[in-house]
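User: I've just opened this one and I'd like to learn how to read it. Can you take me through it feature by feature?

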Amino acid sequence: MMRGLALAVGASAALAVARPAAAQELYFYPSQGQSQQQQNQDFGECHAWAVQQSGFNPMAQPAPPPQEATQGGLLRGGARGAAAGAVVGAITGNAGRGAAAGAAGGALIGGFRRQDQRRQQEQAQRQYNQQQAAGRSSYNRAVSACMQGRGYGVS
């Protein structure tokens, strides 16, 4: 009895190594005493079927959204604003005051742009994570159904 259990555990462990990363959350037990070769063949066929049914391939996942370098910001916006304010201030007769007002306004606008860019990147990352989780869930359901249909216990 112990020898049979040990073989089954060993066979399952070997099958887990061959599986793609997303299916590692699932465990398949060869309920009908399928050989290791049969398990590998069944899983390969179920994997292909699950990819076809779910439209998600855990072995070919798209790259996550790129993290763009921050553009602008307080200093850059402040410098631009100061330059523009100095020009306007020179025209009105007080370049220093115009530069100070321009720097404050530019820094404020640069800060808003940076914050907006950060929000957009976080939104893109959340959307990517949700799509990956939904695809992985669909794939796992499909591969589980296939393996159960071939006589495996799935948990």
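User: To start with, about how much area does the protein chain expose, and what share of it do carbon and sulfur atoms supply?

Analyst: The protein chain exposes about 9900 Å², with 58% of that supplied by carbon and sulfur atoms. Accessible areas here come from the Shrake-Rupley method with a 1.4 Å probe, and for residues only the protein chains shown count as cover. One thing to keep in mind: this is a predicted model, where local features need pLDDT of at least 70, side-chain atom pairs count only at pLDDT 80 or more, and totals for chains, interfaces and linings use all residues. Residues are numbered from 1 along each chain as its sequence is written, and side-chain values use heavy atoms, leaving out hydrogens and water.

User: How many helices and strands are there, and in what pattern?

Analyst: Helices (H or I, at least four residues) and strands (E, at least two) are DSSP runs, numbered from the N terminus. The protein chain has four helices and two strands, and along the sequence they read α-β-α-α-α-β.

User: What share of the residues is buried?

Analyst: Buried means under 20% relative accessible area, exposed means over 50%, and partly exposed is in between (1.4 Å probe, protein chains only). Of the 155 residues in the protein chain, 30% are buried.

User: Which residues make up the largest nonpolar core?

Analyst: In soluble globular proteins, nonpolar side chains tend to be buried together. A nonpolar core is a set of buried Ala, Val, Leu, Ile, Met, Phe, Trp, Tyr and Cys residues joined through side-chain atoms within 4.5 Å. The largest one has twelve residues, among them Leu26, Phe28, Phe43, Cys46, Ala50 and Tyr139. Both α2 and α4 (95–149) supply at least two residues each, and the largest share, five residues, comes from α4. Take Ala50: leaving aside residues up to four places away in sequence, Ala50 touches Gly55, Tyr139, Ala142 and Val143.

User: How do I read an aromatic pair, and which residues form the one here?

Analyst: You describe a pair of aromatic rings by the distance of the centres and the angle of the planes. Rings of Phe, Tyr and Trp (its six-membered ring) pair if their centres lie within 6.5 Å; planes under 30 degrees apart are stacked, over 60 edge-to-face, and the rest tilted. A search of the whole structure finds one such pair. Phe28 and Phe43 are tilted, at 5.9 Å centre to centre and 50 degrees between the planes. Phe28 sits in strand β1 (residues 28–30) and Phe43 in helix α2 (residues 36–54), 15 residues apart. Phe28 counts as buried because its relative accessibility is 3%, and Phe43 is buried at 5%.

User: Which cysteines form a disulfide?

Analyst: A disulfide is a pair of cysteine sulfur atoms within 2.5 Å. Cys46 and Cys146 form one, with their sulfur atoms 2.0 Å apart. The pair links helix α2 to helix α4, 100 residues apart. The link is left-handed, with -75 degrees about the S-S bond, and both cysteines are buried.

User: How many salt bridges are found, and which residues do they join?

Analyst: A salt bridge is a side-chain nitrogen of Lys or Arg within 4 Å of a carboxyl oxygen of Asp or Glu. The search finds two. Arg150 pairs with Asp42, the closest N and O atoms being 3.0 Å apart, and Arg150 also meets Glu45 at 2.7 Å, N to O. Shared partners join Asp42, Glu45 and Arg150 into one network.

User: Is Asp42 buried or exposed?

Analyst: Asp42 counts as buried, at 5% relative accessibility. Arg150, at 31%, is partly exposed, and Glu45 is partly exposed at 36%.

Conventions:
Contact = heavy atoms within 4.5 Å.
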